[in-house]
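User: I'm new to this one and would like a relaxed walk through it. Could we go strand by strand and then look at the helices and a few loops?

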Amino acid sequence: MSEITYVRGDATAPSGKGVKLIAHVCNDIGGWGKGFVLALSRRWTEPEAAYRAWHRDRAHNDFGLGAAQFVQVEKYVWVANLIGQRGIRTGSKGVPVRYEAIDMGLAHLATKAAELDASVHMPRIGCGLAGGHWSRVEPLVTRRLVEQGVAVTVYDHGE
């Protein structure tokens with residue numbers, strides 16, 4: 001069985017051939033403005049615009065924890081907005097990350113990756129501003145993607 005490939009680099013510039021899905025975690029309150037999303041927005045305007053419209057029209061769609069939105073940004077590149085954190089601040093209920101929601105989002109991602117015959121590229125999702133731990137996220141990525149035959153590359157930003 002293959003494993004997750006770890007590389008130093010920028011997840012918004014995924015390496016390799018074929019269709020690529022760039023996955024990242026978003027919050028459930030419509031906020032877009034810190035962390036990895038800034039790198040995405042510097043490269044493409046579509047993921048942020050789609051996320052904001054999805055949130056704005058949430059009374060009429062599936063926006064919420066565990067949902068996933070797929071936005072094509074180039075001929076062979078898509079961005080997956082995964083709703084995997086509750087709010088944006090650490091408070092009485094702990095950190096914003098919601099592992100169950102990330103798990104559900106990864107299940108949607110696996111379906112889309114199979115449909116597009118795509119590889120998946122991501123930073124250590126849920127582990128930046130969301131406050132999660134990779135030791136809890138990595139097994140979800142392995143189970144939902146790697147064990148389903150999806151090639152996954154995780155990018156650690158180089159200094």
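User: Which residues of β2 lie on one side and which on the other, and are they buried or exposed?

Analyst: In a regular strand the side chains alternate between the two faces of the sheet. Here, in a predicted model where local features need pLDDT of at least 70, side-chain atom pairs count only at pLDDT 80 or more, and totals for chains, interfaces and linings use all residues, strand β2 covers residues 20-27. Residues are numbered from 1 along each chain as its sequence is written, and side-chain values use heavy atoms, with hydrogens and water left out. One side has Lys 20, Ile 22, His 24 and Cys 26, the other has Leu 21, Ala 23, Val 25 and Asn 27, and all of these are buried (under 20% relative accessible area, with exposed over 50% and partly exposed in between, using a 1.4 Å probe and protein chains only).

User: Which strands does β2 pair with, and in which direction do they run?

Analyst: Strands here are DSSP runs of E with at least two residues, helices are runs of H or I with at least four, and both are numbered from the N terminus. Two strands pair if DSSP finds at least two bridges between them. With β5, there are three bridges, and Ile 22 stands opposite His 121 there. With β4 (residues 77-85) there are eight bridges, and Cys 26 faces Ile 83; so the partners are β4 and β5, and both pairings are parallel.

User: What is the order of the strands in the sheet, and which ones stand at the edges?

Analyst: The sheet is open, has six strands with mixed pairing, and reads β1-β6-β5-β2-β4-β3. An edge strand has a single partner, so one side of it is left without a neighbour in the sheet. The edge strands are β1 (5-8) and β3 (68-74).

User: How do β3 and β4 pair, and how many residues lie between them?

Analyst: Six bridges link β3 with β4 in the antiparallel sense. Gln 69 sits opposite Asn 81, and Ala 68 sits opposite Leu 82. The two strands form a hairpin, and the number of residues between them is two.

User: At what angle do the axes of α3 and α4 cross?

Analyst: Two packed helices are described by the angle between their axes and the distance between the axes. For α3 (residues 99-116) and α4, the axes come within 9 Å; they are lines fitted to C-alpha atoms, for helices over the stretch in contact, and angles run from 0 to 180 degrees between N-to-C directions. The two helices are therefore roughly parallel (under 35 degrees, with over 145 roughly antiparallel, 65 to 115 roughly perpendicular and the rest oblique). The crossing angle is roughly 25°.

User: What kinds of residues make up the contact of α3 with α4?

Analyst: Contact means heavy atoms within 4.5 Å. The residues involved include Leu 106 and Ala 110 of α3 and Val 137 and Val 141 of α4. Ala, Val, Leu, Ile, Met, Phe, Trp, Tyr, Cys and Pro count as nonpolar, Asp, Glu, Lys and Arg as charged, and the others, Gly among them, as polar. The tally is eight nonpolar, no polar and four charged.

User: Is Val 141 buried or exposed?

Analyst: Val 141 belongs to helix α4 (residues 134-144). Leaving aside its neighbours within four places in sequence, Val 141 is in contact with Ile 4, Leu 106, Met 122, Trp 134, Val 146 and Val 152. Its relative accessible area is 0%, so Val 141 is buried.

User: Which residue has a positive phi although it is not a glycine?

Analyst: Most residues other than glycine have a negative phi. In the loop between α3 and β5 (119-122) there is a residue with a phi of about 55°. At 68% relative accessibility that residue counts as exposed. The residue is Asp 117.

User: How far apart in space are Asp 28 and Ile 83?

Analyst: Asp 28 is in the loop between β2 and α1 (36-43), and at 13% relative accessibility it counts as buried. Among the residues Asp 28 touches are His 55, Phe 63, Ile 83 and Arg 86. Asp 28 and Ile 83 are 55 residues apart in sequence, yet C-alpha to C-alpha the distance in space is 6.0 Å.
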